[in-house]
Amino acid sequence: MKQRHSFWPMWGWPIVLGVLTTFGLISALFSDGGLGDMLAWFALGIPVAVCGWYGWRRKG
């Protein structure tokens, strides 16, 4: 018997990371220093950190 997977457990975190990346790119595009740049660094750094964490964890 096949186990049925629901949508959110499988796609929830990739969607969150995609939205966070989109927000970071838009923030970097429209900001001119200050808080906007800090938000862009933060929003773009989280997906990079998550990918680095899972890549490092997988090889270890």
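Me: Why is Ile15 called partly exposed in this predicted model?

Reply: Ile15 has a relative accessible area of 34%. The label "partly exposed" covers values between the buried limit of under 20% and the exposed limit of over 50%. Because 34% lies between these limits, Ile15 is called partly exposed.

Me: What makes Val19 exposed?

Reply: The relative accessible area of Val19 is 53%. Exposed means over 50%, so Val19 is called exposed. Val19 lies in helix α1, and Ile15 is found in helix α1 as well.

Me: What makes Ile15 and Val19 eligible for a nonpolar surface patch?

Reply: A patch residue needs over 30% relative accessible area and no salt bridge, and Val and Ile count among the nonpolar side chains. Ile15, at 34%, passes that area limit, and Val19, at 53%, passes it too. Together with Phe7, Trp8, Met10 and Trp11, these two residues make a nonpolar patch of about 660 Å².

Me: How do you know that the span of α1 agrees with its number of residues?

Reply: The expected span is 1.5 Å times one less than the number of residues. For the 24 residues of α1 this gives 34 Å, and the end C-alpha atoms are 33 Å apart, so the two values agree. Helix α1 covers residues 7–30.

Me: Where does α1 have a kink?

Reply: A kink of about 30° lies at Trp13, shortly before the proline Pro14.

Me: Which residues of α1 are buried, including Gly12?

Reply: Gly12, Gly24 and Ser27 are buried in α1. In the protein, buried residues make up 13% of the 60 residues.

Me: Why is Leu35 called exposed?

Reply: Its relative accessible area is 57%. The limit for exposed is over 50%, so Leu35 is called exposed. Leu35 is found in helix α2, which covers residues 35–59. The C-alpha atoms of Leu35 and Ile15 are separated by 24 Å, and these residues stand 20 apart along the chain.

Me: How do you know that the radius of gyration differs from that of a compact globule?

Reply: The protein has a radius of gyration of 16 Å, but a compact globule of 60 residues would have one near 10 Å. The C-alpha trace spans about 55 × 30 × 10 Å along its principal axes. The protein has two helices and zero strands.

Me: What supplies 71% of the area that the protein exposes?

Reply: Carbon and sulfur atoms supply 71% of the exposed area, which is about 5600 Å².

Terms used: Residues numbered from 1 in each chain as written. Predicted model: local features only at pLDDT ≥ 70, side-chain atom pairs only at ≥ 80, totals over all residues. Heavy atoms only, no water. Patch = residues over 30% accessible without salt bridge, like charges linked within 9 Å, V, L, I, M, F, W, Y side chains within 5 Å. Areas by Shrake-Rupley, 256 points an atom, 1.4 Å probe, with all protein chains shown as cover. Salt bridge = Lys/Arg side-chain N within 4 Å of Asp/Glu carboxyl O. Helix = DSSP H or I, 4+ residues; strand = E, 2+ residues; numbered from the N terminus. Buried < 20%, exposed > 50% of the residue type's maximum accessible area, 1.4 Å probe, protein only. Rg over C-alpha atoms; globule rule 2.2 N^0.38 Å. Bend = angle between axes of the 7 residues up to and from the residue.
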